[in-house]
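Here is an informal walk through one protein model, with an eye on the contacts that side chains make. Have the structure open while you read.

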Amino acid sequence: MQKLNPIPSVSILLILTCFFLLSFGARAQTVTGSITSSNKQTVIGAYITSGTKGASSDIDGKYTLELPSGTHEITCSFIGLKTTTKTITLAPGEMATLNFNLDSEARLLDMAVVSAGRFEQSIAEVTVSIEILQPALVENKATTSLESALEQVPGVSMVDGEPQIRSGSGFSYGAGSRVMVMVDDLPVLSGDAGRPTWGFLPLENLEQIEVVKGASSVLYGSAALSGVINIRTRFPDARPLTRFSVQQGVYSNPRSTSSVYWDIPLQQTNIRFLHSRQLGGWDIVIGGNLLGDDGYKGPTVMLDSLETPIDTNTTGYNPFSVDRYGANSQARFNINLRRRDSAIPGLTYGVSTNWQKGESLNTLIWEHSATGLYSSYAGAATRTKQLVGTVDPFVEYLSPSGVRTSFRNRWQHLVNDNSNGQGNNSDVFYSELQTQKLGAWGMEKMALTGGVVHQYTKGEAQLYTGGSEDGINTARNIAGYLQLDQPIGEHLNVSAGMRYEYFAINDDSEGKPVFRAGANYQVAEETYIRSSFGQGFRFPTIAEKYIRTGLGDLQVYPNQNLKPESSTSLELAVKQGIKLGGFLGYLDVAIFQQRYTDFIEFTFGTWAESEGIDNLFGLGFRSLNTGESQVRGVEVSLMGQAKWGSNDQHSLDLLTGYTYTNPISLTPDYNYGDGVTTTYLGTSYDTTGHILKYRSPHLVRFDAQWTHPKGFFGVSARYQSVLQNFDKAFVTFENLEFVDWGLNDWLEDHPTLPWIIDLRVGFNLNEVSKISLVVSNLLNEEYSIRPLAIESPRLVNLVYTYEFE
């Protein structure tokens with residue numbers, strides 16, 4: 001691989017130069033003031049402009065404008081509030097005060113998002129596809145891990161905990177995500193494998209979850225090849241908030257009684273707490289979670305201190321014991337501190353930290369579809385004791401001229417102690433300096449955003465001996481980016497951006513620029529047409545290049561010659577506001593295409609010298625560049641809310657969508673083997689239409705919740721078509737009688753996947769507490785998304801929540 005200069009000076013310096021060109025102006029007359037809403041709440045991030053100069057309200061709702069003497073019309077605007085204009089006349093040297101109180105505005109599309117352009121925008125005006133998941137949906141579904149909530153988002157699916165957006169990725173054995181997962185704009189993917197730890201994310205303190213679809217590498221870097229999942233957390237307002245919830249769940253016995261070899265019910269216990277308040281000039285948030293989950297699979301054999309077998313089938317329920325396949329026990333605690341009122345006006349700073357310790361017993365392959373569906377194939381289970389934590393110091397300054405500069409940092413520490421002697425640990429040091437100017441260069445409402453990123457990872461693992469004999473590997477990422485968002489006239493918004501990425505893992509390095517552009521045109525009062533173009537560039541992770549491991553008979557081999565993959569995405573869409581009686585919402589229709597070069601897939605083949613059955617004759621899995629591929633499709637989604645009754649006491653929230661994708665290999669005959677002919681055609685179970693492996697062409701998502709004075713009632717439904725194609729080796733092993741998983745029988749008996757329906761109902765006991773019943777997989781369907789991995793049967797949870805302000 002080509003070695004490049006570790007500091008790509010031309011591109012980085014070009015972006016850095018733009019930092020200092022954001023805005024300059026002479027000292028002038030000063031206008032200051034505060035922005036509040038009609039309910040007397042401080043408005044943070046309101047835009048104040050004279051037409052030539054602009055500023056944003058800070059964390060205390062205050063702003064400063066420096067203007068020449070004379071008469072000016074000052075306009076204040078904020079998403080969801082009515083725009084207000086006032087006139088002021090300034091004498092030379094005058095310092096004037098001008099406050100704004102903004103009334104509510106009933107618009108169809110007034111939700112605010114940050115992830116599309118790294119500044120707050122109306123969802124109607126962004127140039128990319130984006131979905132919003134509200135915290136009520138996550139809380140009311142008794143979610144213990146974020147991936148189960150994300151499955152309700154149109155276009156999003158999960159394969160063994162690996163996120164897919166519009167069929168952009170398949171199954172990769174837990175390494176190399178094409179979806180960037182972030183918390184408050186900071187990445188949470190592991191530094192060595194590029195995989196999220198879903199249970200680690202702070203669900204108790206959500207503001208909203210934003211899902212950006214399509215290549216987003218310009219703003220979010222390498223892993224955002226197919227999109228971004230950004231979890232935005234909530235800081236306190238003037239009212240202290242305390243919330244405590246406890247839930248107890250019971251799994252139903254699965255339909256296949258022949259696979260049930262336990263007598264006692266499998267259970268789940270989850271406790272979650274949150275306290276947030278303002279104290280002096282500080283914002284303080286404290287939260288945590290305690291989870292004990294039997295999982296839904298059978299018990300394993302355990303030994304006591306005298307090496308005597310314990311019959312875990314008859315032992316009582318202990319939420320903190322991990323003695324069954326799929327069991328999980330974890331404890332998490334987090335603190336967020338932010339200083340709002342500092343001695344320097346416009347300066348805020350703080351630190352957040354989140355730590356979790358847990359133990360789990362995960363399985364990759366079932367024992368047998370008829371007799372051991374809920375047990376593990378020999379050697380295919382791994383017990384992991386995990387410690388993961390982050391420390392995130394930050395500082396932000398909003399200057400009187402409206403330039404916002406932030407410096408965010410993260411130390412992420414991860415230790416996986418695996419029972420098979422193949423654990424791993426990594427430390428990630430991430431820093432990002434970002435500068436943003438609203439109203440840059442005297443152009444009203446122009447947003448100019450630039451930043452530089454540095455990330456250093458050190459990973460140590462017995463798993464990664466493919467990179468060095470001692471298993472120690474390092475990775476470095478340096479990037480600079482610049483994005484411009486500019487309204488043209490009253491109806492057109494355009495955006496354009498570039499980023500230069502430089503990567504190095506050990507002695508291999510490569511760099512590349514990527515670009516994006518988009519436009520959003522308002523053709524009618526609530527009708528918006530948008531188009532976007534984006535490039536992506538993803539460098540392989542340490543795990544993809546250097547992993548060497550095995551689970552039972554399955555072997556995984558390194559590929560030190562693995563090259564980066566790149567993509568280009570195109571989208572054309574229309575967003576239509578809808579008002580039907582009391583229902584306000586939007587209908588979004590998008591057609592899209594994403595094309596990949598040097599596409600990385602986790603592929604089965606012959607990658608080592610045969611040592612007989614001990615290493616399965618050299619056969620195994622390996623990450624490979626498989627040529628070119630393409631995903632085309634169409635997506636229709638509907639999101640909105642209806643209100644009725646006295647004082648709008650009743651509401652109905654709706655989120656639904658259908659996604660069709662056609663993910664295909666464009667080079668099915670391309671030989672990507674190492675000495676042995678290996679192609680898409682030769683490794684695929686079903687090559688009809690050249691469909692890529694581990695993809696579902698059809699996805700349907702539906703969620704509706706009726707909220708009323710006495711509680712709520714909600715229903716969720718989701719469907720995805722069966723994986724047409726996967727690695728042919730799984731079936732070949734059975735045909736050659738190397739293994740007996742019952743896979744052929746399962747595929748014959750289950751040609752389709754079922755609809756999965758969830759139900760939830762809650763009752764308000766009084767003003768501060770409620771109780772709810774949540775049923776997941778109401779019909780107790782028995783199904784497998786990825787071959788050889790069974791999904792959960794029915795789970796019934798009883799939840800008590802106590803909340804007061």
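## Starting from one glutamate

Glu501 sits in strand 32, which covers residues 492–505. This is a predicted model, so keep that in mind throughout. Is Glu501 buried or exposed? With a relative accessible area of 1%, Glu501 is buried, because the cut-off for that label is under 20%.

What does the side chain of Glu501 find in there? One polar contact, at 2.8 Å, goes to the side chain of Asn477. Another partner is the backbone: a polar atom of the Glu501 side chain lies 3.3 Å from the backbone nitrogen of Ser222. Leaving out residues up to four places away in sequence, Glu501 touches Ser217, Gly221, Ser222, Asn477, Ile478, Ala479, Glu510, Gly511, Lys512 and Phe537. Take Gly511 from that list: in sequence Gly511 is 10 residues from Glu501, and in space the two C-alpha atoms are 5.4 Å apart.

## A buried glutamine

Gln705 is another polar residue to click on, and its place is in strand 43. Gln705 has a relative accessible area of 7% and is therefore buried. Its side chain makes a polar contact of 3.1 Å with the side chain of Asn140 and one of 3.3 Å with the side chain of Thr707. Once neighbours within four places in sequence are set aside, the residues in contact with Gln705 are Asn140, Ser651, Leu652, Asp653, Phe712, Phe713, Gly714 and Arg760.

## Salt bridges

How many salt bridges does the model have? The count comes to 34. Here are three of them.

| Salt bridge | Closest N to O distance |
|---|---|
| Glu781 and Arg255 | 3.6 Å |
| Arg324 and Asp294 | 3.9 Å |
| Asp727 and Lys693 | 3.1 Å |

Start with the salt bridge between Glu781 and Arg255. This pair links distant parts of the chain, 526 residues apart: Glu781 is in the loop between strand 46 (769–776) and strand 47 (795–804), while Arg255 is in the loop between strand 18 (241–251) and strand 19 (267–279). The two ends don't share a label. Glu781 is buried, at 16% relative accessible area, whereas Arg255 is partly exposed at 49%.

Next up, Arg324 and Asp294 meet in a salt bridge through their side chains. Arg324 lies in the loop between strand 22 (309–310) and strand 23 (328–339), and Asp294 in the loop between strand 20 (282–293) and strand 21 (302–303), so the bridge ties together parts 30 residues apart in sequence. Both residues, Arg324 and Asp294, are buried.

Then there is the salt bridge of Asp727 with Lys693. Again distant parts of the chain are linked, here 34 residues apart: Asp727 belongs to the loop between strand 44 (711–720) and helix 7 (729–735), and Lys693 to the loop between helix 6 (680–683) and strand 43 (698–708). Asp727 comes out at 0% relative accessibility, so it counts as buried. Lys693, at 6%, counts as buried as well.

Salt bridges also join up into a network, made of Glu131, Arg166, Lys213, Arg530, Glu571, Lys575, Asp588 and Glu635.

## Rings, and charges over rings

Searching the whole structure turns up 25 aromatic pairs. One of them is Phe733 with Trp741, an edge-to-face pair with 6.3 Å between centres and 65° between the planes. Phe733 and Trp741 are both buried. They also belong to a cluster linked by ring pairs, whose other members are Phe171, Tyr377, Phe602, Phe604, Phe621, Tyr694, Phe730 and Phe738.

Where do charged side chains lie over ring faces? Lys86 lies over the face of Phe100, 5.1 Å from the ring centre. Arg338 does this over Phe235, at 4.0 Å from the ring centre.

## Zooming out

Now for the whole protein. It has eight helices and 47 strands. Of its 805 residues, 58% count as buried. The accessible surface comes to about 31,700 Å², and carbon and sulfur atoms hold 56% of that. Among contacts with a separation of 6 or more, 67% are between residues 24 or more positions apart. The salt bridge of Glu781 with Arg255, linking parts 526 residues apart, is one pair to look at with that in mind.

Conventions:
Residues are numbered from 1 along each chain as its sequence is written. This is a predicted model: local features need pLDDT of at least 70, side-chain atom pairs count only at pLDDT 80 or more; totals for chains, interfaces and linings use all residues. Side-chain values use heavy atoms; hydrogens and water are left out. A salt bridge is a side-chain nitrogen of Lys or Arg within 4 Å of a carboxyl oxygen of Asp or Glu. Helices (H or I, at least four residues) and strands (E, at least two) are DSSP runs, numbered from the N terminus. Buried means under 20% relative accessible area, exposed over 50%, partly exposed in between (1.4 Å probe, protein chains only). A polar contact is a pair of N or O atoms within 3.5 Å; within protein, one must be able to donate a hydrogen and the other to accept it, and residues adjacent in sequence count only if both atoms are side-chain atoms. Contact means heavy atoms within 4.5 Å. Rings of Phe, Tyr and Trp (its six-membered ring) pair if their centres lie within 6.5 Å; planes under 30 degrees apart count as stacked, over 60 as edge-to-face and the rest as tilted. A charge sits over a ring if NZ of Lys or CZ of Arg is within 6 Å of the ring centre and within 35 degrees of the ring normal. Accessible areas come from the Shrake-Rupley method with a 1.4 Å probe; for residues, only the protein chains shown count as cover.
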